[in-house]
Amino acid sequence: MNVEKTDPAAYHTSKGESSDASDRDGESVQGPPRHTLQRKLKNRHVAMISIGGVIGTGLFVGTANSLRNGGPIGLLLGYIVMGSIVYCVMITLGEMVAYLPIAGGHIKLAERFVDPAFSFAMGWNYWYNWTIVSPAEISAAALLINYWNTTVNDSVWVVICLAVVLTINMLGAGAYGEAEFIFASIKVITITGLIILGIVIDLGGGPNHDRIGFRYWKNPGPFVQYDGIAGAKGQFLGFWAVLTEAAFSFIGTEIVAIAAGEAKNPRRTLPKAIRRVYIRILLFYIGGTLMIGLLVPSNNPNLNLNSGTTAQSPFVIAIETAGIKSLPSIINACLLTSAWSASSSDLYTASRAIYGLAASGNAPKFFLKTTRNGLPYAAVLFSAAFSLLAFMAVSKGAGSVFNWFANMTSIAGLMTWFGISVTYLRFYKGMQVQGIDRKTLPYYTNLQPYAAWWGALATVTVCFFSGFSVFLKGEWNTATFITNYILLITWPIMYLGARFYYGTKPVAAQDMDFTSDIAEILADTYDEPPPRNKMEAFWQWLM
């Protein structure tokens, strides 16, 4: 780096943060040391977390709603548009976290480059996002188990899922990384296998030898007339309905930023992970939705997640229709591990988000308590308590509860991406003003700042029109309106309230801190040992 390396203690003082080293590395110069997060996530952990860590029920189950609302073309276009937003957000985030891989990720970066009040709003929104999505994943797990057994109360499945998720997270970042490596590997193999199987079935290779081709694109048609609205308007509304649902599938791509504070050799690991985001978007999401649109008609009754226990994953529907026996149960089991994995990632991210808030002085310091091994147990247990919301699935039905939580999570996630994009625009401006060459950064792209602008404008637009369905004649639904728009109201309230309460103001470009923590980050950076054989060379390329 051509950036001057100064004393890390020179970090600018802001509200809720002292000027000594205590809030950064957990050790006060005057007081006794206290335990903090530790870098325990290996290269392969970060690689699999970035590729498959949060591939979950949004892709495997939520696509049922998307196909039902948008049709095969509406589904595909919705995921392509949302994929472009996600890619822009990730390269935007990647440039910042590869340079400053600190605990708290983009929440702490917003404090440095935008405004401590903006960090406050962004941080609490992010924590809310991940505490809400965990019950959604657990509700979806109960929905998947109902495929085999509808006689057992959903509360039993909720308890089992909660126990698995909490156990993984209480064992620390290392155990979480190993669990995610295994779970994510299963998910990657599953979705890859499903796409290959989908091609075989579509071409008539299934037991029934029915060559489907593009049949369902002709009948019932490429688009769905949303709510029975005729013409291009109904088709466009069907496509637009897919966008919010697609956002839920993509939410969590930015988890790499939160994991940055616990990643080994972050300046080598993170750029590699960011560069492979497009693989996940193109292969898993675009490829997966293309197959779903080819294999399942949009008017299949089992696509309705509100219908009760008959709802299924579109992949399972396609395999059953093809006449393949036993395989649906195997696939459903893989999808169940996917729900567990995603829920585990949700709790991990929520706990680290509130840890980052506490480190910034925006949450009680109690959440900074960690064990000797670096487990932020107070943050984990507090965040896990909100997973009990999954018990709503017992009284209201797992499918309906999944839809409610999915709506809330989608908007929260989109607002997080908006915050990341705004943070980068300020980061970009600060580098320009201070004369720092972006080409010296560990990771950079020539698409900036246009990618960040697209991320900021597109996310706000999708959020604003996300609840359009309640404004259609005779379609008012209070629960849908609240779950779609509550965050658009609370975000500015949190931001303006924090600015007023703390008396903060936006950080000027010339005052932005690009040097603190650099010494510690460089100390954690090392060159990977050269591979000793072709197998090791392949593994290093893969991971």
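**Salt bridges, a helix and a surface patch**

Arg-215 has a relative accessible area of 32%, so this residue counts as partly exposed. Please bear in mind that the model before you is predicted. The side chain of Arg-215 meets that of Asp-210 in a salt bridge, with 2.5 Å from N to O. Asp-210 is also partly exposed, at 28% relative accessible area.

In total, the structure holds five salt bridges. I turn next to helix α5, which comprises residues 105-113. Here Lys-108 and Glu-111 form a salt bridge of 3.3 Å, N to O. These two residues lie three positions apart in the helix, and therefore about one helical turn separates them. Lys-108 counts as buried because its relative accessibility is 7%; Glu-111, at 1%, counts as buried as well.

What does Arg-112 pair with? Its partner in a salt bridge is Asp-513, the closest N and O atoms lying 3.8 Å apart. This pair links distant parts of the chain: Arg-112 belongs to helix α5, whereas Asp-513 sits in the loop between α20 and α21, 401 residues away. Both Arg-112 and Asp-513 are buried.

Let us now consider helix α7, residues 154-170. Its 17 residues should span 24 Å at 1.5 Å a residue, and the end C-alpha atoms are indeed 24 Å apart. The buried residues of α7 include Trp-157, Cys-161, Val-165 and Ile-168. The buried set covers an arc of only 135° around the axis, and so lies on the same side of α7. Just after this helix, Gly-172 adopts a positive phi of about 100°.

Finally, the surface: Tyr-278, Ile-279, Leu-282 and Leu-283 form a nonpolar patch with about 350 Å² of accessible area together. Tyr-278 is located in helix α13 and, at 42% relative accessibility, counts as partly exposed.

Technical notes: Residues are numbered from 1 along each chain as its sequence is written. This is a predicted model: local features need pLDDT of at least 70, side-chain atom pairs count only at pLDDT 80 or more; totals for chains, interfaces and linings use all residues. Side-chain values use heavy atoms; hydrogens and water are left out. Helices (H or I, at least four residues) and strands (E, at least two) are DSSP runs, numbered from the N terminus. The expected span of a helix is 1.5 Å times one less than its number of residues. Buried means under 20% relative accessible area, exposed over 50%, partly exposed in between (1.4 Å probe, protein chains only). The arc is that of the directions from the helix axis to the C-beta atoms. Patches are made of residues with over 30% relative accessible area and no salt bridge: like charges are joined within 9 Å, nonpolar side chains (Val, Leu, Ile, Met, Phe, Trp, Tyr) within 5 Å. Accessible areas come from the Shrake-Rupley method with a 1.4 Å probe; for residues, only the protein chains shown count as cover. A salt bridge is a side-chain nitrogen of Lys or Arg within 4 Å of a carboxyl oxygen of Asp or Glu.
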